[in-house]
Amino acid sequence: MLTDQITHVYSDLPLTLSEAGSGRPVLVLHGGGGRATVAGLADRLSATAHVLTPVHPGWDGTHRPDWLTGVDDLALTYLHLLQDRGLDDVLVVGSSLGGWIAAEMAVRDTAGLISGLVLINAVGVQIPSEPVTDFFALDARAAAEHSWHDPDRFHVDPAGLPAEELARRQGNMATMRLLASDPYMHDPKLLRRLARVEQPALLLWGESDRIATPAYGAAYAAAFARGRFELVPEAGHLPQLERPDATFALVDEHLRRTGGQVAHDAP
């Protein structure tokens, strides 16, 4: 079971962190929907790995200091967390915005702490032929249609939400807008930098994603020196929720293939 704790990376940044399991360290980074979107995956990984799952500052009511204004700030925050904990041989798993953070971490990882990446329907780069859908412009039904293979199953009418949950979701979107709306959902410099990332990178993509299309994901994977692209059928932007077994199997296989010295030999 994941257990919450508060840790300080910087004096003005109390970081809410869940930690469970033992073995190779795995950092699991959520997207715009908050930590609940990756909690099931993190729990399953904790059976064989040491899993750390933070709440990004500003999400779920947590504190965001004034200086934390971009995805690059989150990337450095989590690299410093790994350094402070003395962790290396780390697999970083990121969903959507979390995948963008993971990619930004990899291009800044001069200490070689990261030995593998899993990006799940990640954003973060600009592919002119496959623009990322403006999520902020969608109403709840349109967001469901773009995000899920089975939107009827996952669509939630905001009018029926308790006030506390609605406020949490609105706060999360406000923080994501601050960090990732200008330029929209990408770092103009990231794509060309990925060729320098030597760690094996697995990009998992729900085949029905209309936020960031599979073609976007394939181009993202091709930009890495050792990128691999895998489609998850009957899933959209969050395959870890729609197809948890298939997603976990692919992540777990990458975890086993990339640990330690194996990372240097993996294709």
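What covers the buried residues of α4? In this predicted model, the covering elements include α5 (151-154) and α9 (239-242). The residues concerned are Ala-143, Ala-144, His-146 and Ser-147, each of which is buried in α4. Viewed down the axis of α4, these buried residues fall within an arc of 165°, so they line one face of the helix. Such an arrangement can be read against the general geometry of helices: an α-helix has 3.6 residues a turn, so residues three or four places apart point the same way. At the N-terminal end of α4, Asp-139 acts as a cap, with a side-chain oxygen placed 3.3 Å from the backbone nitrogen of Arg-141.

Helix α4 (140-147) also takes part in the lining of the largest pocket, to which α1 (36-45), α4 and α6 (163-180) each contribute at least two residues. The space in this pocket amounts to about 1100 Å³, and its lining is made up of 41 residues, among which Gly-33, Phe-135, Ala-143, Arg-169 and Met-173 lie nearest the centre. Ala-143 is thus listed both among the buried residues of α4 and among the residues nearest the pocket centre. The largest share of the lining, 10 residues, is supplied by α6. Sorted by class, the lining comprises 24 nonpolar, 12 polar and 5 charged residues.

Glu-165 is likewise part of helix α6, and, with a relative accessibility of 22%, this residue counts as partly exposed. Although Glu-165 and Asp-60 are separated by 105 residues in sequence, their C-alpha atoms are 9.4 Å apart in space. Asp-60 is located in the loop between β4 (50-54) and α2 (71-85) and is itself partly exposed, its relative accessible area being 29%.

Several features of backbone geometry are found in loops. Asp-60, which is not a glycine, has a positive phi of about 55°. A positive phi, near 45°, is also found at Asn-121, again a residue other than glycine; Asn-121 is placed in the loop between β6 (114-120) and α4. Whereas Asp-60 is partly exposed, Asn-121 is buried, with a relative accessible area of 0%. A further feature concerns the peptide bond that joins Asp-182 and Pro-183, which is cis, with omega at about 0°; Pro-183 belongs to the loop between α6 and α7 (190-193).

Definitions and conventions. Residues are numbered from 1 along each chain as its sequence is written. This is a predicted model: local features need pLDDT of at least 70, side-chain atom pairs count only at pLDDT 80 or more; totals for chains, interfaces and linings use all residues. Side-chain values use heavy atoms; hydrogens and water are left out. On a 1 Å grid over the protein atoms alone, a cavity is a set of points where a 1.4 Å probe fits but cannot get out, and a pocket is an open set with protein on both sides within 12 Å along at least five of seven lines; lining residues have an atom within 4 Å of a point. Grid points are joined across faces, edges and corners, and a volume is the space filled by probe spheres set on the points. Helices (H or I, at least four residues) and strands (E, at least two) are DSSP runs, numbered from the N terminus. Ala, Val, Leu, Ile, Met, Phe, Trp, Tyr, Cys and Pro count as nonpolar, Asp, Glu, Lys and Arg as charged, and the others, Gly among them, as polar. Buried means under 20% relative accessible area, exposed over 50%, partly exposed in between (1.4 Å probe, protein chains only). The arc is that of the directions from the helix axis to the C-beta atoms. Contact means heavy atoms within 4.5 Å. A polar contact is a pair of N or O atoms within 3.5 Å; within protein, one must be able to donate a hydrogen and the other to accept it, and residues adjacent in sequence count only if both atoms are side-chain atoms.
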